[in-house]
Every structure is written in C-alpha cells, then in structure tokens.
Amino acid sequence: VQLQASGGGLVQAGGSLRLSCAASGRTFSTYVMAWFRQAPGKEREFVARISRSGYSTYYADSVKGRFTISRDNAKNTVYLQMNSLNAEDTAVYYCAAGPRLTIATMEYDYWGQGTQVTVSS
C-alpha cells in the first residue's frame with residue numbers, strides 16, 4: 001500500500017490543523033493505521049493509532065484530548081484532527097499502516113512521506 005500525507009502547514013499556538021493520509025490499493029481496511037511524528041533532533045514518536053474498523057483508538061499522553069484520529073475506509077483515508085496546538089507539536093508527521101494494534105514504530109510496514117507541521121508561539 002502507498003500512503004500520501006497532506007494537510008500540514010504553519011499555524012499559531014492554540015490553532016487547529018487536519019492532516020489526511022490517502023492510501024492506494026483495495027486493502028486499506030485490512031490495515032491498522034497510525035500517525036507518528038518526528039521533531040528536529042528527536043526520534044520518531046507515536047501519536048495515535050486506529051483499528052481496522054475505526055472503533056478502537058489510542059493516543060499518546062501528550063496529545064490525548066487534543067488530537068482525534070479517524071478513518072474513512074470507503075475513501076481509503078485516515079485523518080488526524082489536531083486542536084489546541086502548541087510549539088511542542090512542531091514536527092514532521094507521518095502516517096503508517098501495519099497489521100497489528102501497536103504503538104511500536106517497527107511494527108508498521110508502510111509509511112507516508114511526511115507532512116510538516118509548524119506551530120508558532
């Protein structure tokens with residue numbers, strides 16, 4: 001599966017952005033989907049993941065209550081709604097697809113190219 005992330009940009013602290021990740025192929029619904037992010041000089045970290053059906057979601061503590069992950073299997077797309085953004089959210093955001101409900105980076109087989117999110121304070 002090929003993934004294409006979009007929706008990043010520059011936003012002021014307290015603002016919102018919605019990231020999208022479009023997948024190619026007819027097997028999108030068979031994958032667990034997740035978002036990760038990587039800030040300059042830091043390792044890639046887990047942000048959120050969603051089950052194949054969309055009923056189960058899980059978030060990193062740092063984004064819980066502010067970010068919402070969702071998916072539309074009919075459109076082969078996963079979303080990340082980001083509210084109340086702060087400077088610590090500045091990073092390149094990656095979508096990923098994998099076979100298991102996990103937060104481990106190495107368990108995801110397919111990755112998008114990343115989209116830059118910059119939050120100005």
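**Strand pairing, disulfide and pocket in the predicted model**

An open sheet of 4 strands, paired in the antiparallel sense, is arranged in the order S1-S3-S8-S7. Strand S1 (3-6) and strand S7 (67-72) form the edges of this sheet, and because each has a single partner strand, one side of each is left without a neighbour in the sheet. From one strand to the next, the twist averages 15°. The coordinates described here and below are those of a predicted model.

Within this sheet, strand S1 is joined to strand S3 by 4 bridges, the two strands running antiparallel, and Gln 4 has Ala 22 of S3 as its bridge partner. On the S8 side, strand S3 (residues 17-23) is joined by 6 bridges to strand S8 (residues 77-82), again with antiparallel directions. Ala 22 appears in this pairing as well, with Thr 77 in S8 as its bridge partner, while Ser 20 is matched with Tyr 79 in S8. Strand S3 is mostly covered, since 5 of its 7 residues are buried.

Cys 21, for which the relative accessibility is 0%, counts as buried, and this residue forms a disulfide with Cys 95, the two sulfur atoms lying 2.1 Å apart. The pair connects distant parts of the chain, with Cys 21 in strand S3 and Cys 95 in strand S9 (residues 91-98), at a separation of 74 residues. The link between Cys 21 and Cys 95 is right-handed, with 65° about the S-S bond. Cys 95 likewise has a relative accessible area of 0% and is therefore buried. The structure holds 1 disulfide. A disulfide is a covalent bond between the sulfur atoms of two cysteines.

Strand S9, which carries Cys 95, pairs with strand S11 in the antiparallel sense over 3 bridges, and in this pairing Val 92 stands opposite Gln 116 of S11. Strand S11 is also paired with strand S2 (residues 9-12), here in the parallel sense and over 4 bridges, with Leu 10 standing opposite Thr 118 of S11. In a regular strand the side chains alternate between the two faces of the sheet. Along strand S11 (residues 115-120) such an alternation is found, in that Thr 115, Val 117 and Val 119 point to one face and are buried, whereas Gln 116, Thr 118 and Ser 120 point to the other face and are not buried. Thus Gln 116, which stands opposite Val 92, and Thr 118, which stands opposite Leu 10, both belong to the set of S11 side chains that are not buried.

Several residues in the loops were also examined. Asn 76, located in the loop between S7 and S8, has a positive phi of about 55° although it is not a glycine. At a relative accessibility of 17%, Asn 76 falls under the 20% limit and therefore counts as buried. Ser 84, in the loop between S8 and S9, also is not a glycine and has a positive phi, of about 50°. With a relative accessible area of 44%, Ser 84 lies between the limits of 20% and 50% and is therefore partly exposed. Thr 102 is found in the loop between S9 and strand S10 (110-111), and at 17% relative accessibility this residue counts as buried. Between Thr 102 and Ser 51 the C-alpha to C-alpha distance is 9.7 Å in space, while the two residues are 51 residues apart in sequence.

The largest pocket contains about 160 Å³ of space. The lining of this pocket is made up of Arg 37, Gln 38, Ala 39, Lys 42, Glu 43, Glu 45, Ala 87, Glu 88, Thr 90 and Ala 91. By residue class, the lining divides into 5 charged, 3 nonpolar and 2 polar residues. Ala 91, one of the lining residues, lies in strand S9, which spans residues 91-98 and also holds Cys 95 of the disulfide.

Terms used:
Residues numbered from 1 in each chain as written. Predicted model: local features only at pLDDT ≥ 70, side-chain atom pairs only at ≥ 80, totals over all residues. Heavy atoms only, no water. Pairing = 2+ DSSP bridges. Axes fitted to C-alpha atoms, helices over the stretch in contact; angles between N-to-C directions. 1 Å grid on protein atoms, 1.4 Å probe; cavity = no way out; pocket = protein on both sides within 12 Å on 5 of 7 lines; lining within 4 Å. Points joined across faces, edges and corners; volume = space filled by probe spheres on them. Nonpolar A, V, L, I, M, F, W, Y, C, P; charged D, E, K, R; others polar. Disulfide = S-S within 2.5 Å. Buried < 20%, exposed > 50% of the residue type's maximum accessible area, 1.4 Å probe, protein only.
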